[in-house]
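The exercises below are meant for a reader who is meeting this structure for the first time. Try each task with the structure in view before reading its solution.

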Amino acid sequence: MLIKNGSHKDLTWLRQLNLKPVSSAYSTPSGAMFCHDSIEMLRRMPSDSVDLVMTSPPFALTRKKEYGNEPVERYLEWFMPFCLEIKRVLKSTGSFVLDIGGAWIPGAPVRSIYHFELAVKLAKEFYLAQEFYWYNPARLPTPAEWVTVRRVRVKDAVNMVWWFSKTEWPKADNRAILQPYSESMKDLLKNGYKAKKRPSGHAISTKFQKNNGGSIPPNLLQIANTDSNGAYLRECKKRGIKPHPARFPSTLVKFFLDFLTDEDDLVVDPFAGSNVTGEACEIQNRRWLGFELESRYVEGSIIRFESGNLFQQDASKPRKKQPKKTDGRTRPKSVKKRKSTKSVTKNG
Ligand SMILES: C[S@@+](CC[C@H](N)C(=O)[O-])C[C@H]1O[C@@H](n2cnc3c(N)ncnc32)[C@H](O)[C@@H]1O
């Protein structure tokens with residue numbers, strides 16, 4: 001399955017992406033990881049060829065990671081050229097999902113607004129389809145000086161995950177990410193609900209009684225960044241490899257793969273690190289490309305595609321075929337046109 005230093009024979013689609021002059025560090029029948037500067041790789045790729053860019057770039061951190069981080073003052077200047085290439089390679093139905101953490105101003109218990117400035121700037125290039133908040137309950141109480149020593153701030157446990165799109169109608173389907181109903185909703189479905197107006201003015205009709213197979217998730221994603229990297233960490237320890245210091249959880253990637261892409265769609269992570277994105281794509285049957293500058297992370301990431309890892313455990317499970325997603329303009333057949341929106345009031 002895994003080919004080191006080259007392209008798998010089944011990766012015929014790779015030829016059409018003009019990446020051939022650069023050799024991949026490893027590949028599978030579904031994707032390839034390149035140890036190369038992603039700006040150069042993106043520039044090689046044809047326009048309108050990618051369904052989803054899912055990534056977490058280096059943040060503008062005060063306490064720098066070992067791979068280096070651009071300071072707040074230079075962040076936008078550094079990051080925008082990548083974003084413009086991302087926009088070019090995305091299909092009109094494509095999405096750009098960006099996980100980005102906040103930062104503190106050095107020496108003071110106050111926050112930088114660089115990630116909001118970035119969002120404002122990106123919203124002029126892309127459409128802001130929706131903002132998500134990734135709440136990581138396992139986050140450490142840092143910066144210690146403000147949180148645990150002087151006790152004047154609380155722990156920063158939320159990352160912004162900006163969902164940008166190239167057009168107003170990216171491909172998406174929330175029926176692919178339904179969550180189990182709460183006990184109270186199960187009770188409501190079983191025992192019925194009396195249609196009435198809520199204090200907010202929203203009219204709740206008896207349609208709420210229909211079982212749709214699960215509840216629609218909110219834009220607050222609670223994911224502890226612990227277990228999903230377990231197999232990778234165990235294997236790193238066994239082989240004496242230093243794990244990547246800033247991995248995101250595969251559950252976060254899986255959420256957006258299921259929500260925004262179909263099987264065989266092409267997903268690119270231009271700051272791939274330990275290649276969580278590639279691994280999640282393998283499991284979910286998406287084609288993938290990972291670009292990572294540092295060879296030590298690329299070498300470590302191979303673990304995910306070798307023996308004893310998460311990929312092999314999950315890949316053995318049969319995959320359920322999902323219906324193809326639409327670009328959001330086409331109504332799913334099951335949804336009838338609403339006659340009136342009079343009963344719905346907006347906040348404020
Ligand atoms: C926050 S980490 C991504 C971690 C990844 N999401 C994971 O879960 O393992 C950002 C990565 O971007 C890489 N990087 C920085 N500049 C790059 C560039 N120009 N091209 C490719 N990778 C780059 C860094 O080496 C680092 O590994």
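**Exercise 1.** Find the residue that stands opposite Met54 in E5, and then place the two strands in the sheet.

Solution. Met54 stands opposite Val97 in E5. The model is a predicted one, in which local features need pLDDT of at least 70 and side-chain atom pairs count only at pLDDT 80 or more, while totals for chains, interfaces and linings use all residues. Residues are numbered from 1 along each chain as its sequence is written. Helices (H or I, at least four residues) and strands (E, at least two) are DSSP runs numbered from the N terminus. Strand E4 (residues 50–55) and strand E5 (residues 90–100) pair in the parallel sense over five bridges, where pairing requires that DSSP finds at least two bridges between two strands. Both belong to an open, mixed sheet of ten strands in the order E1-E2-E3-E12-E11-E4-E5-E7-E6-E10, whose edge strands are E1 (3–4) and E10 (220–222).

**Exercise 2.** Work out how helix H2 (residues 72–89) packs against helix H3 (residues 114–122).

Solution. Two packed helices are described by the angle between their axes and the distance between the axes. Here the angle is about 35 degrees and the axes are 10 Å apart; axes are lines fitted to C-alpha atoms, for helices over the stretch in contact, and angles run from 0 to 180 degrees between N-to-C directions. The contact (C-beta atoms, placed from the backbone, within 7 Å) involves Val72, Tyr75, Leu76, Phe79, Met80 and Cys83 of H2, which meet Tyr114, Glu117, Leu118, Lys121 and Leu122 of H3.

**Exercise 3.** Decide which helix lies across E4, E5, E6, E10 and E11.

Solution. That helix is H7 (residues 250–260), which runs at about 160 degrees to E4.

**Exercise 4.** Explain why helix H8 (residues 276–284) is described as largely enclosed.

Solution. Count first: nine of the nine residues of H8 are buried, so the helix is largely enclosed by the rest of the structure. A residue is buried if 20 or more other C-beta atoms, placed from the backbone, lie within 10 Å of its own. Among the buried residues of H8 are Val276, Glu279 and Gln284. Just after H8, Asn285 takes a positive phi of about 65 degrees.

**Exercise 5.** State how many residues surround the ligand and which are the closest.

Solution. The ligand is surrounded by 20 residues, of which Ser38, Arg247, Phe271, Gly273 and Ser274 are the closest; a residue is near a molecule if its C-beta atom, placed from the backbone, lies within 6 Å of it. Helix H1 (38–44) and strand E12 (287–292) are the elements that give two or more residues to this shell.

Terms used: A residue is buried if 20 or more other C-beta atoms lie within 10 Å of its own, exposed if 12 or fewer, and partly exposed in between; C-beta atoms are placed from the backbone. Two residues are in contact if their C-beta atoms, placed from the backbone, lie within 7 Å.
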